[in-house]
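Here's a quick tour for anyone who likes to check packing by eye. Have the viewer open as you read.

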Amino acid sequence: MNRPVSDTELSDAIRRLAPPVDGGAFHRELGERCAAKRRRYQRGPRIRAWAIGAAVVALLVAGGFGVNALMERVGQDEGMVLTDDSMSPGATGTGSPDPTSREATTLTGAKAELWAEIQRTREGVKSGELIFAWTASEAAREDLPSDPMLMLDSLEKSLLGPDITVYLRDSAGDATALRSEISAMPGVARLEFVSKDEALQKLKESFADHPEIISSLPGNPLPASLEVWLTDYTQAPALADQLRDRPEVDEVRPPTMDYGQWAERLRSLTREGSGDSGRVIVSNSYPSPTVASGVTGGATQHLG
Amino acid sequence: MLILIAEGPNGSFDSFVQEHSARLVRSLSLISKDPELAWDAAQDAFLKLYLRWDTVGDLRDPVAWLYRVALNRCSDYRRIVVRGRRLTERLQGMSTGLWTEPRLADTELALTFSALPRRQRTAATLHYLADMSTEEVAQVMGVSRGTVDRHLFRAREALRSSMEAQS
């Protein structure tokens, strides 16, 4: 028979389990947050992201992409804001690329490969030579989105979207100097400036089905941004590093998708068909276009 | 570098933070099994308290209030993390290797503690680590004293047998 453990021993053992805490660092971080809060209150109330966080997650579920960005941000301060994002599926539901986006013919490397794979799948499905469909139970078992065509639309949209999105600080204004500097950089194919007002307008369009979310915003919490298309998308991380430390820049987001892996995955999901496309589920209506998240504050990385 | 100078009718917010922060973060770490999440939730709870510090006298028990807010925030974070993780996995087809359940340590006692039902773990942590009476634990958890006693009893049983097996 073992010796019984006393309450004090139990208490000591539990205390030892709890990891130590750097009280000074905690106090400093809290001090900074309190000070920031004070400033913010003097400027007027700002967006309460946690109140709408659940809505954002729900919409992401509905649409599918931009999840990495959300995951990178969920742990941060209430500075999380909603922005329109190139990873979101198109709002038209037809699967045809936005005519104002960059032509698909300019895609290179793995992006071009994925684009070709998407088109091959679409054409195969149309002619009935390929089957690109799954049942709800297969979707659950194989971790697939519920709607195959929505997945193709989303992939296309993200291929045509910018290679880098640069979020600007409010203090940067129109960032004209930075814009002309980036435009002149070698390898930059196109640059678009999205002002705070345009960003809010896009958000309103994205949330057309949920106007109460937008109307609950006291001001415009969205940052202006620069969307950059490159002639060679593999240069995106290098350019992102270059831009990150600029005073006008709040955050730089390079793409997080592995295009080659997606092309491979698409190939593995299609099967030879018998000329009968009856099984294919085609969706012409989306629950809602999605938004992804950005952040206004330079808070540290938390939840991984 | 202490910027918290909320000296008011209710004393210094600064000293309140000094007194309670480390214990709150450590308690939340044990309950959530995730020290980073615990840190964030504690920050949020203190920030919320800071914003209403001039009316803190209206609170029956500011410490219980702080712990309750922090525990709720822990659950909020946790839900979002888990939901986001499932989404990422499903959409990107990467169902393994990205995320593992956080754990405390590899000792026998830590494993037993981690495996306790969350409410038992919460009650045991608040009582043994945060030094709260059964009454206070009940107030934080929003349950009756009898329920706290039951949680504590079961947690004690499990932890004792784990410790006795080791000794």
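What follows covers the layout of chain B, one helix pair, the nonpolar cores and two single residues.

This is a predicted model, where local features need pLDDT of at least 70, side-chain atom pairs count only at pLDDT 80 or more, and totals for chains, interfaces and linings use all residues. Residues are numbered from 1 along each chain as its sequence is written, chains are lettered from A and ligands numbered from 1 in the order written, and side-chain values use heavy atoms, with hydrogens and water left out.

Chain B has seven helices and two strands, where helices (H or I, at least four residues) and strands (E, at least two) are DSSP runs numbered from the N terminus. In order, the elements of chain B read β-β-α-α-α-α-α-α-α. Of the 167 residues in chain B, 54% are buried, with buried meaning under 20% relative accessible area, exposed over 50% and partly exposed in between (1.4 Å probe, protein chains only).

Now the helix pair. Helices H1 (residues 13–32) and H2 (residues 35–51) of chain B have axes that come within 8 Å and cross at roughly 145°; the axes are lines fitted to C-alpha atoms over the stretch in contact, and angles run from 0 to 180 degrees between N-to-C directions. Among the residues of H1(B) that meet H2(B) are Phe13(B), Leu24(B) and Leu28(B), while the H2(B) side includes Trp39(B), Phe46(B) and Leu49(B). Contact here means heavy atoms within 4.5 Å. By class, this contact has 15 nonpolar, four polar and no charged residues; Ala, Val, Leu, Ile, Met, Phe, Trp, Tyr, Cys and Pro count as nonpolar, Asp, Glu, Lys and Arg as charged, and the others, Gly among them, as polar.

On to the cores: each is a set of buried Ala, Val, Leu, Ile, Met, Phe, Trp, Tyr and Cys residues joined through side-chain atoms within 4.5 Å. The largest has 59 residues, and Phe13(B), Leu28(B), Phe46(B), Leu49(B) and Leu126(B) have the most contacts inside it. H2(B) gives the most to this core, with 10 residues. A second, separate core of 22 residues includes Trp115(A) and Leu160(A).

Finally, two residues to click on:

| Residue | Place | Relative accessibility |
|---|---|---|
| Ser27(B) | helix H1 of chain B | 0%, buried |
| Thr106(A) | loop between strand S1 (80–83) and helix H5 (109–127) of chain A | 36%, partly exposed |

Leaving out residues up to four places away in sequence, Ser27(B) touches Tyr67(B), Thr125(B), Leu129(B) and Ala130(B). The C-alpha atoms of Thr106(A) and Leu160(A) are separated by 9.5 Å, with these positions 54 residues apart along the chain counted as their separation.
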